[in-house]
Amino acid sequence: MYQYTDFDRRFIRARAAQYRDQLERHLAGSLDDDAFKPLRLQNGWYIQRHAPMLRVAIPYGALASRQLRALADIAEEYDRGYGHFTTRQNLQYNWIALSDSADVMDRLAAVDMHGIQTSGNCVRNISSDVFAGIAPDEIVDPRPFCEILRQWSTLHPEFAYLPRKFKIAVSGAREDRVAAGWYDIGLQALSDDDGQIGFRVQVGGGMGRTPMIGAVIRDFLPWQQLLVYVEAILRVYNSYGRRDNIWKARIKMLVKAEGARFTEAVEREFADILQRDLGGDAHLITLHEFNRVASQFAPPRGVRLDASDATAARSTAPAHELAHARWLQRNVHPHRFAGLRAVTLSLKRAGQAPGDVTAPQMRAAADLADRYSHGELRVSHEQNLVLPWVSAAALHALWLDVREAGFATPNIGLLTDMIACPGGDFCSLANARSIPIAAAITERHTDLDELFDIGDIDLNISGCINSCGHHHSGHIGILGVDKDGAEWYQITVGGADGSAVGGAALPGKIIGPSFAAEEVPDVVEALITLYLQQRQPGELFVAFARRVGAQPFKTAADAVRRATAAPERPQVTATQPTATADENAAGAQPALREHPQVRLADPSPVAVKASRDGPALS
Amino acid sequence: MRFITSEDGIPAATEPAPGAGGRCLFTPEQWQTAATAWPLHEPAGLVLANDVDVRTLAIDLSRFVSIDLQFPKWTDGRAYSQARLLRTRLGYRGELRATGDVLVDMALPLARTGFDTALLRSGQSLQDAQRALRFFEGLLPEFDDAPAWRGLHPQPVYYQGDVLDPHPLFLKIPSGPPRRNEHHKQDASRGRAGMTLDVAA
């Protein structure tokens, strides 16, 4: 994994010192709440329901065992002994006192970690494929590009105060495991006929109130031009993205409103940077720089890249043990190198919220990484941990240890491997709780035979329309909504994140008015039962949902309504969350107009007389 | 970077008139009518709203000794892009001033996008502003031995280029063969599809 340079280390220490200065001025009263808020946000500090929430950046999900141990120590010393892995491969703490926050930043910096740009209206921490660098279907390792983008976007002086948050994902494999279509910018690596590497550039995907799949604005961008092209996108967005209404401020709204004009504006700006700007070509990525960064991602020392799979065959001998066979089937993944495997440590089991991990579990996972994976782990989009460098010959021994540590639930990709945000138990944005819903569904579906029969399915739960639990892309999506202070849940079917199982990225369809909390497990069961009864051989849930449409699901769900079955039941639909917390505090009243404030201007040569295309469209 | 506190008095846009002393500030619309009659030697300043696309300005910017860019709210970052474009694309060399809701903690992005002057909103400390500029100094100690910097503050260094120095860190690091360990050589030599970049190295 990436090895920090001396500069990287000095840089995050300088950033930690800068934050300490800001915190001290805040605590001393010379930096008021409004002025401090964006500064702390850009270091990962939200104010949440119980205490500040800290989001620690785990760049593209790569984590060393020593870092995970440090995270465990911080959890015990400053938090209540646990953390929460997010869908964007980061870790969140929920109970750290603000007065301790500068100390925690120093502790993170000591192990090459930070919270830089994990929140705020800036370019966020970049996410990637959990199997980056080891996937058999990889075209190019995306991590060097992620790291080059990370460095470029870190404390970028022009793009620190964008209209809204900005998320980038990079995929280097044939299968999209990063949900590229759902990102502000989704980059898909490609190889052209001459073997040259480039990226398909998708812009304007996003969840929230208006789920959208990004538009492809460039089919093939040579890798050298990546930073310049992203700069062009961000400059157009920074200049023309809406700032009058937080619900319309993401780049997806600009892309939707402007269509082809957006693409033209980006291409024109891109050409202008290279042709007209002083030093405009300075950010073309050189081969030297690519190789310098790529060399930091060499496989760990001592890993046997040449081990044959024959060893692997022997190691799978005890596969007659059903539990072991199931684990091999669901939790062990093919690897780029024949004698190696990637192994998922399941964090999804009864009695534990999805993505939550306790300090002892962190240490146990770190020990497993040291013993079996050369000290390296990955955090997955699905909120699990992955050991990327496991020898096939060691799988059985690993399984015994993983079982001992409680990570062996063979449910990866199955119903109980659900994605969920922390929800109303922790998050001050949430309209409803996620964790009890996840727990109720998990408790109902503990029978592995049944889970295996249902097969691959993504069940995603968000506590509010901000969609941190990615409900839009769930094959079954559950969204918490608020009506008159009560918790309700809107359910969708047929969504997809873009990975192979679900096909093209797509938002799910709503199956009627919202349900009461206690109805949700029954509804999920009814949807599953419908699928099991009517599926065709080999048909996955999501394919079935696409084939039959929302209506049969609606009927099945209505049949199990109880609290919401009365004629005068509240007709709850997704409403915008109330603007109470950091994410929403900048929100203005919803504007009625659907047009952007300012029209994209057609730049003319500077010296030529032309009228200025000022504010338009009211 | 120069900081001006509100106590120093912020010159406001007034009715433009030559010879009135000081500097007259014009909006682009005002300048359109005033430009031809305005004496070349008379200092004039331009004031731009932050929704002006500076790339479309059909104005000779060399006529202005200053351009004021505006931050209606300090978290509205449009003026950073305007400043960057005025400097690196449009070649504006006069004074760039940040006005409006300007806080000390904006010092770094302001300086790095080409502003020379910040008119701070009330209640801001000059000392804090000066300190805010210096957190990223001395990160590349080898740079600070260069004669150009001797006796000055150590040079702050960032990953990406900016208006002050368009070169990103990767063009500043002394070139030479990248460090590669044995495993990586093995890795590259396996020659899987898409390893063009490695092979080319």
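A residue counts as buried if 20 or more other C-beta atoms lie within 10 Å of its own, as exposed if 12 or fewer do, and as partly exposed in between. Keep that cut-off at hand for the stops below, and bear in mind that the model on your screen is predicted.

**Stop 1: A215 in chain A**

Select A215(A), which sits in strand β10 (residues 215-222) of chain A. Is A215(A) buried, exposed or partly exposed? Its C-beta neighbours inside 10 Å number 18, so A215(A) counts as partly exposed. Now display its contacts, setting aside neighbours within four places in sequence: you should find Q202(A), V203(A), G204(A) and V255(A). For a distance to try in the viewer, pick the C-alpha atoms of A215(A) and L234(A); they are 15 Å apart, with the two positions 19 residues apart along the chain.

**Stop 2: two loop residues with positive phi**

Stay in chain A and go to the loop between β2 (52-56) and β3 (62-64), where you will find Y60(A). Check its backbone: phi of Y60(A) is near 40°, a positive value in a residue other than glycine. Y60(A) has 28 C-beta neighbours inside 10 Å and therefore counts as buried.

Next, move to the loop between α4 (101-109) and β6 (127-128) of chain A and select Q117(A). Here too phi is positive, about 60°, although Q117(A) is not a glycine. Why does Q117(A) count as buried? Because 25 other C-beta atoms lie within 10 Å of Q117(A).

**Stop 3: a helix pair in chain A**

Colour helix α5 (residues 143-153) and helix α9 (residues 287-294) of chain A. Two packed helices are described by the angle between their axes and the distance between the axes. For α5(A) and α9(A), the angle is about 110° and the axes are 9 Å apart. This means that α5(A) is roughly perpendicular to α9(A). To see who makes the contact, show P144(A), E147(A) and I148(A) on α5(A), then F290(A), V293(A) and A294(A) on α9(A). Of these contact residues, five are nonpolar, none is polar and one is charged.

**Stop 4: chain B as a whole**

Switch to chain B, which holds eight helices and six strands. Trace the elements from the N terminus and you pass β-β-α-β-β-α-β-α-β-α-α-α-α-α. Of the 201 residues in chain B, 40% are buried. Among contacts in chain B with a separation of 6 or more, 47% join residues 24 or more positions apart.

**Stop 5: the sheet of chain B**

Show the strands of chain B: six of them form an open sheet with parallel pairing, in the order β1-β6-β5-β4-β3-β2. Which strands stand at the edges? They are β1 (2-4) and β2 (24-26) of chain B; each has a single partner strand, so one side of each is left without a neighbour in the sheet. On average, neighbouring strands of this sheet are turned by 25° against each other, direction ignored.

Zoom in on β1(B) and β6 (residues 117-119) of chain B, which pair in the parallel sense over three bridges. One residue pair to label is I4(B) with its bridge partner L119(B) in β6(B).

For the last selection, add helix α2 (residues 78-88) of chain B, which packs on the sheet and touches β3 (44-48), β4 (66-71) and β5 (95-100) of chain B. The direction of α2(B) makes about 155° with that of β4(B).

Definitions and conventions
Residues are numbered from 1 along each chain as its sequence is written. Chains are lettered from A and ligands numbered from 1 in the order in which they are written. This is a predicted model: local features need pLDDT of at least 70, side-chain atom pairs count only at pLDDT 80 or more; totals for chains, interfaces and linings use all residues. Two strands pair if DSSP finds at least two bridges between them. Helices (H or I, at least four residues) and strands (E, at least two) are DSSP runs, numbered from the N terminus. Axes are lines fitted to C-alpha atoms, for helices over the stretch in contact, and angles run from 0 to 180 degrees between N-to-C directions. Two residues are in contact if their C-beta atoms, placed from the backbone, lie within 7 Å. Angles under 35 degrees count as roughly parallel, over 145 as roughly antiparallel, 65 to 115 as roughly perpendicular and the rest as oblique. Ala, Val, Leu, Ile, Met, Phe, Trp, Tyr, Cys and Pro count as nonpolar, Asp, Glu, Lys and Arg as charged, and the others, Gly among them, as polar.
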